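Here's a quick walk through a two-chain interface, plus a look at one aspartate. Have the structure open while you read.

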Amino acid sequence: MNPRFRRRTGLAAALASPLAFGACARQRVDPPEQVSRAEIDEAMRTPTELNFWTWVPGIEKQVALFEEAYPDITVDVTNAAQGAGHYAKIRTALRAGRGAPDVAQIEYEMIPAFTITDHLLDLRPYGAGELEDRFVDWVWAQVSGPGGEVWAIPQDTGPMGMLYRADIFEAHGIEVPETWEAFAEAARALHRADPEVYLANFPPSQGAYFAGSLWQAGADPFAGSEGPVLNVDVTSEPVRRVAEYWAGLVAEGVVSTDPDFSDQWYQAANRGKYATWLTAAWGPVFLQSTAASTSGKWRAAPLPQWESGGPAAGNWGGSTNGVFNITEHPIQAAVFAQFINTDPECTKAMATEQFLFPPTKALLEDPEFTGMELEFYGGQKVNEVFAQISETVSPEFQWPPFNDQVRADYGATVGAAIAEGGDAAAALGDWRDRITAYAEYQGFTVEEAS
Amino acid sequence: MSTESATATATAPAAKGRNTKGGKGPRYARTGYLFVAPFMIAFTAMFLVPLAYAAWFSLFREQMIGGNVFVGLDNYTRAFTDPLLMAGLGRVALFFLIQVPVMMALALFFALALDSALVRLSRTVRLAIFMPYAVPSVVAALMWGFLYGPDFGPIAQFADRIGATAPDFLGADLMLGSIANIVTWEFTGYNMILLYAALRAIPVELYEAASVDGAGPWRIAWSIKIPLLRPAIVLCMVFSVIGSFQLFNEPSIMRTLAPNVIIAEYTPNLYAYNLAFVGQEYNYAAAVSFVLGFVIMAGSYLFMLATNRRSRS
């Protein structure tokens, strides 16, 4: 087993090397009140090289359009990793004080993780404040700080909806459920009629899905957290309702609990084990490419509702472009982030060629976008369904300043309990305790809801 | 380095006398250092310096709110009382107690069988048993993960065909066993080669003498081969202690298949990784790595001590 010996040294080296430079003074941009038009114009005529870290496929198209508009600026695109690996690398580079990108892809849920460490540049002085009207309200709320700061420019979103197998629904006489209660009954009926098929799969470690579910249920667990004060309320009534709902269905054995985006899950989706996929606006095109054998059988609908009152939805995924304040070219970086996410040609290509679900009002109302008929969904205008769902997403949902840790703790407590059909309420208490312990260790003042 | 070579120059010739073979001593010394220099430089830069830095680093605590402070051995106190770390250590200790004897017994069996010249196509067999070792452990874990698949994995499909139910390889009860199986598959061949090489080094005269005395092949294996293999077995065991306690790749890959079973603190190494790269508790992660290192050192030392005693008595 000799080769495995190398691992610990590797880990030690990995721990040590990025931080070796941590002591270097970090040079941060001191943001001016307002940058004038003339200053911007001059900066955009100065030959500059920008580093942009992103995982978005085909982003070269938008970069090319930007470079065409501003020929003096060159943008180097790096695909460092996706998700956790991407952020780990950025954090490392930021700590090292060099090597970090000027502009990066950042998910909405990770914005507070970079503002708490004071690494994001407020884009207001660079004209971003004027963009508010172009974006959907709840999306803009996601990138706004408590003092009105604009921390990033939205690129795409994931309002949540339900994709369902019309053929399975029809065969078993299931109506598209409009409430979660009806959904639960359909789950029981379907599994009784065909034990091989589940109405839904609850991915036990998919914290992002669970967060979106809380959002829909009207929970806002970290609302009002600011700076060193962290509010934690993960045991409120709506949170408990969501957790106990799924734990109950799992305990009854009428929903499956396969980890999503795993081999098991892909195969199951292809073979018709799941009659729905509770997903987000990026789901339809994704499914089309991964469950090709089921083409034509799927349809899209809004999520079932908790209350029959007004329709509500949460958001799952989507991302933004933020600028780090270590950049030597704040103006160019800020203009770049704004340009690729607001220029009509750029955003149209994102929506119709790269299939990123748009956050701009213009595109959500554009018939060319909403009218697209997807064969995989029997010619349904899927974008229209999700555009309507997008209007029902609440602007009240705040992310914690250490979302990755909260997610990990969720998987170890609540996710695990739901997967076993266990005591969800107790697990929520464990989750709260873990979050609180971690937050206090990190120096936060924690205020738990009574 | 320069002072050491200087003392070498001073002492060596003084003993032998300057005139006769004078030049040789110092030149030997200097060439010696030259030969080890490439290794020493790489060893210092890539091993000692990062290790020392990590040790220094483990004495601090950096908070999101409040900055970086020197905390002495606080991180170590926390590590030794951390139930998550202790649970992880317990898990890998259990893994060691179950997996290693099985693997060593298999390796020993194959090595003896190959050495007995009773096996036909011994080269091919040897290669076949050794082959899994050449498969990167990440690939091995992915492959076994597929085989273990609960609905559509080949084992589950086969069980389904014959009307049985495959055990839940990825469930909480069997997971450690499933990982042990992968590790056994990977490393039996490696240990077998070490033992086989040691067997080939035993002088044939011993066997001849034994057969003259009337010992059969079983007797020879039990009374001659295995006792003489002791140093090689001890070596394999020490490697296994290290490998077991540092278990990382296999559970890390299997985590995507069973995220609720393989939790972040499943093994101490996985725990350190997640502390650093999920929780941003870099300092504590460094301390956990050192604690793991101490445990492995102590474990290997105790093991060698125990086997030494027994061989002397």
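How many salt bridges does the rule find across the interface of chain B and chain A? It finds three. Keep in mind that this is a predicted model.

## Charged and polar links

One salt bridge worth pulling up pairs the side chains of Lys273(A) and Asp151(B), with 2.5 Å from N to O. Polar contacts add to the picture: ten residue pairs link chain B and chain A this way, both partners having pLDDT 80 or more.

On the side of chain B that touches chain A, helix H14 (residues 282–312) gives the most, with six residues. Sort that side of chain B by class and you get 32 nonpolar, 17 polar and six charged residues.

## Contacts and buried area

As for the overall footprint, 55 residues of chain B are in contact with 46 residues of chain A. Putting the two chains together buries about 4600 Å², and carbon and sulfur atoms give 61% of that area.

Which residues of chain B lose the most area to chain A? They are Met64(B), Phe152(B) and Asn260(B), and together they make up 16% of what the chain B side buries.

## A look at Asp366(A)

Now for a spot in chain A. Asp366(A) sits in the loop that runs between helix H15 (361–364) and helix H16 (367–370). Is Asp366(A) buried or exposed? Its relative accessible area is 16%, so Asp366(A) counts as buried, the cut-off being under 20%.

The side chain of Asp366(A) also has a backbone partner: it reaches the nitrogen of Glu368(A) at 2.9 Å.

Technical notes. Residues numbered from 1 in each chain as written. Chains lettered and ligands numbered in written order. Predicted model: local features only at pLDDT ≥ 70, side-chain atom pairs only at ≥ 80, totals over all residues. Heavy atoms only, no water. Contact = heavy atoms within 4.5 Å. Buried area = accessible area lost by both parts, 1.4 Å probe. Salt bridge = Lys/Arg side-chain N within 4 Å of Asp/Glu carboxyl O. Polar contact = N/O pair within 3.5 Å; in protein donor to acceptor, adjacent residues only side chain to side chain. Helix = DSSP H or I, 4+ residues; strand = E, 2+ residues; numbered from the N terminus. Nonpolar A, V, L, I, M, F, W, Y, C, P; charged D, E, K, R; others polar. Buried < 20%, exposed > 50% of the residue type's maximum accessible area, 1.4 Å probe, protein only.
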